[in-house]
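Biologist: Please give me a close look at one single part of this model, whichever you like best. I would enjoy hearing how that part relates to the rest of the chain.

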Amino acid sequence: PADFKAFNEIASLRPDEPFWETYGLILSAYKSSTRHFELWANMRKTLAVVVEVMLASRTAQVQGTFMLSICVVALALQTRLAPYDDENGKNTFNSTNRVISNNDLEQFLLILQVSHLAMGLLTLATPIPSILV
């Protein structure tokens, strides 16, 4: 696409390599204004592992709270930026028979993850009635 000017220039330096066929999967999913979003997505996954490892000696509530905060930030960014380019023909994640856009799907999945973490933290904080024990 024309909005990937810098990448097209790099591709022209290597005419023997099919640039978009090689790297398009990573680059074409995002709008030109949010190409850095892949970095955030990978950083979010890395932070999930760091929280798990660094806070292993802490309680599940502490770990869950940190994960919840990471997911809330991710949801806010996803909602604000809507980074996926659903109009790009080179986007390999687009299909003519899709039911939901990539932005909506990611947003719904993050809402589900935030809800799951919040309910898990709520059940950890709520004592179990003695009748059920």
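Modeller: With pleasure, and one term comes before anything else: a contact means heavy atoms within 4.5 Å. Counting contacts with a separation of 6 or more in the protein chain, 60% are between residues 24 or more positions apart. Please keep in mind that this is a predicted model, in which local features need pLDDT of at least 70 and side-chain atom pairs count only at pLDDT 80 or more, while totals for chains, interfaces and linings use all residues. Residues are numbered from 1 along each chain as its sequence is written, and side-chain values use heavy atoms, with hydrogens and water left out.

The protein chain has five helices and zero strands, where helices (H or I, at least four residues) and strands (E, at least two) are DSSP runs numbered from the N terminus. My choice is helix α5, which spans residues 102-125 and holds Leu105.

Let me begin with its charged link. Side chains of opposite charge can pair when their charged atoms come close. A salt bridge here is a side-chain nitrogen of Lys or Arg within 4 Å of a carboxyl oxygen of Asp or Glu, and the whole structure has one. Its partners are Arg44 and Glu106, at 3.6 Å from N to O. Arg44 belongs to helix α3 (residues 37-54) and Glu106 to helix α5, so the pair ties together parts 62 residues apart in sequence. Buried means under 20% relative accessible area, exposed over 50%, and partly exposed in between (1.4 Å probe, protein chains only). By that rule Arg44 is buried at 17%, and Glu106 is buried at 18%.

Leu105 gives another picture: its relative accessibility is 40%, so it counts as partly exposed. Leu105 joins Val99, Ile100, Phe108, Leu109, Ile111 and Leu112 in a nonpolar surface patch with about 680 Å² of accessible area together. Such areas come from the Shrake-Rupley method with a 1.4 Å probe; for residues, only the protein chains shown count as cover. Patches are made of residues with over 30% relative accessible area and no salt bridge, joining like charges within 9 Å and nonpolar side chains (Val, Leu, Ile, Met, Phe, Trp, Tyr) within 5 Å.

Further along, Leu117 is also in helix α5. Beyond its neighbours within four places in sequence, Leu117 is in contact with Met67, Leu68 and Cys71. Leu117 and Cys71 are 46 residues apart in sequence, with their C-alpha atoms 9.0 Å apart.
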